[in-house]
Each structure stands twice: as structure tokens, then as C-alpha cells.
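These are my notebook entries on one structure. I record what I looked up, entry by entry.

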Amino acid sequence: MSEAIELRTIGYVRGGRAESIDDGWDAVTAEIALTPDFGAEALAGLDGFSHVEVVFLFNRVAESAVVAGARHPRGRTDWPKVGIFAQRGKDRPNRLGVTICRLLAVEGTTFRVAGLDAIDGTPVLDVKPCMRGFLPRGEVREPDWARELMTGYWA
């Protein structure tokens, strides 16, 4: 039996895109505003990093749209049918998104990022500085369909 857990929202995405579109996210800038539970001291020192890892909730994905098995990424039947845990689609069991973004500025209880593939109003669950020591060690391997899928994602 699955264990239910409770998470608290630490902030919200402000600006950027109003709708989820699959490609061109690198040109998108957005702000993350912390909730009143956090003061500016929660972001102290964050401006020393070039990138942050943002954990967020795909809150607009309906429970009925969640996939627990396999599917063709983006519905493309020319790509193999793969399990939901072998892709990064938004309609995953816990609807969690994780993205490494460029950090542009930190001001009070907000920070601005580029390349966050979340839309305006998205609840943010956590933010962590991106540190080389936590990036993949060694060669990263991925199938051809995944490289093709990402061709225009950040462009």
C-alpha cells in the first residue's frame, strides 16, 4: 500500500508562460516568490550560485490524466512505448517536476530564473543550489528518442 505524505508549498512561479508548451523553455524567464512562511534569510547566499534546481508540482494535471504504466512520449508512435518512470512527462503519479535553471537574480523573498519549465501559478515545493558535486559522475547514457525529444525543448 502506498504511503501518503504531505508537502508544503514554499513559493509560487510568477510570470513566464501561462500555458504548458513542450518546447522553447530556455527563453522563458520567471520569478519564484516565497510564501509568507519564509523571510529573505531563506535565500541568503543563493546568489552565489549560477543555477538552482527547482522542485514543483504539475498542479494543472488532472488526477484522471496520470499515467502509471507505459506510453509513447508526447504521443509519438514513432518513438517506443516506455514506462512513465523512463520519461519526464508531467502526467506522472505524483505530478512532480524537477528542473535545473539559470539563476538570474535574488531580491528579498523572490528570485528570478531562466529555463524553468513550469507555468505561472505553479506551486514550488523546494529549491536547491546546483553544485557540481551532485551532477552526474561519468558518462550520461540515453536512448535516441530522448535526444530527439529534447532537440527543441530548451531552444
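**Entry 1. Terms of exposure.** I began with the words I would need for each side chain: buried means under 20% relative accessible area, exposed means over 50%, and partly exposed covers the values in between. I also noted that the model is predicted. As a trial of the terms I looked up W154, whose relative accessible area is 31%, so W154 is partly exposed. I then checked Y153, which has a relative accessible area of 13% and is therefore buried.

**Entry 2. Aromatic pairs.** I noted that a pair of aromatic rings is described by the distance of the centres and the angle of the planes. How many aromatic pairs does the count come to? I found 3 aromatic pairs. In one of them, F56 and F58, the ring centres are 5.1 Å apart and the planes stand at 80°, so this pair is edge-to-face. Planes over 60 degrees apart are given that name. I then asked whether F56 is buried or exposed. F56 is buried, because its relative accessible area is 0%. F58 has 16% relative accessibility and so counts as buried. The rings of Y153 and W154, the residues of my first entry, also form a pair: their centres lie 4.9 Å apart with the planes at 85°, so I recorded this pair as edge-to-face.

**Entry 3. Charges over rings.** I next looked for charged ends placed over rings. The charged end of R17 sits over the ring of W25, at 4.2 Å from the ring centre. R76 lies over the face of W79, and here the distance to the ring centre is 3.8 Å.

**Entry 4. R76 and its partners.** I stayed with R76 and turned to salt bridges. R76 forms a salt bridge with D78, in which the closest N and O atoms are 2.6 Å apart. Which residues are linked with R76 in a network of salt bridges? The network links R76, D78 and E148. I looked up the exposure of two of its members. R76 has 28% relative accessibility and therefore counts as partly exposed. D78, at a relative accessible area of 53%, is exposed because the value is over 50%.

**Entry 5. Other salt bridges.** I searched the whole structure and recorded 7 salt bridges. Among them is the one between R102 and D26, whose side chains meet at 3.1 Å, N to O. I asked where in the chain these two residues lie. R102 is in strand β6 (residues 96-107), while D26 is in the loop between β1 and β2 (29-34). The two are 76 residues apart, and the pair links distant parts of the chain. R102 is partly exposed, with a relative accessible area of 32%, and D26 counts as partly exposed at 30% relative accessibility.

I then looked at D144 and R147, which form a salt bridge with the closest N and O atoms 2.3 Å apart. D144 and R147 are 3 residues apart in helix α1 (residues 144-149), so about one helical turn separates them. D144 is exposed, at 58% relative accessibility. R147 has a relative accessible area of 41% and so is partly exposed.

**Entry 6. A nonpolar surface patch.** Which residues make the nonpolar surface patch of about 310 Å²? I found I5, L7 and L96 there. I5 lies in the segment before β1 (11-14). Its relative accessible area is 66%, so I5 is exposed.

**Entry 7. Two loop residues.** I closed with Q87 and G108. Q87 is placed in the loop between β5 (82-83) and β6. At 6% relative accessibility Q87 is buried, because the value is under 20%. I listed what Q87 touches, without residues up to four places away in sequence: R71, P73, V82, R92 and W145.

G108 is in the loop between β6 and β7 (110-114). G108 has 43% relative accessibility and therefore counts as partly exposed. With neighbours within four places in sequence left aside, G108 is in contact with A40 and L43. How far apart in space are G108 and V140, C-alpha to C-alpha? I recorded 37 Å in space for this pair, with their positions 32 residues apart in sequence as the separation.

Note on methods
Residues numbered from 1 in each chain as written. Predicted model: local features only at pLDDT ≥ 70, side-chain atom pairs only at ≥ 80, totals over all residues. Heavy atoms only, no water. Phe/Tyr/Trp six-rings, centres within 6.5 Å; stacked < 30°, edge-to-face > 60°. Buried < 20%, exposed > 50% of the residue type's maximum accessible area, 1.4 Å probe, protein only. Lys NZ or Arg CZ within 6 Å of the ring centre and 35° of its normal. Patch = residues over 30% accessible without salt bridge, like charges linked within 9 Å, V, L, I, M, F, W, Y side chains within 5 Å. Areas by Shrake-Rupley, 256 points an atom, 1.4 Å probe, with all protein chains shown as cover. Salt bridge = Lys/Arg side-chain N within 4 Å of Asp/Glu carboxyl O. Helix = DSSP H or I, 4+ residues; strand = E, 2+ residues; numbered from the N terminus. Contact = heavy atoms within 4.5 Å.
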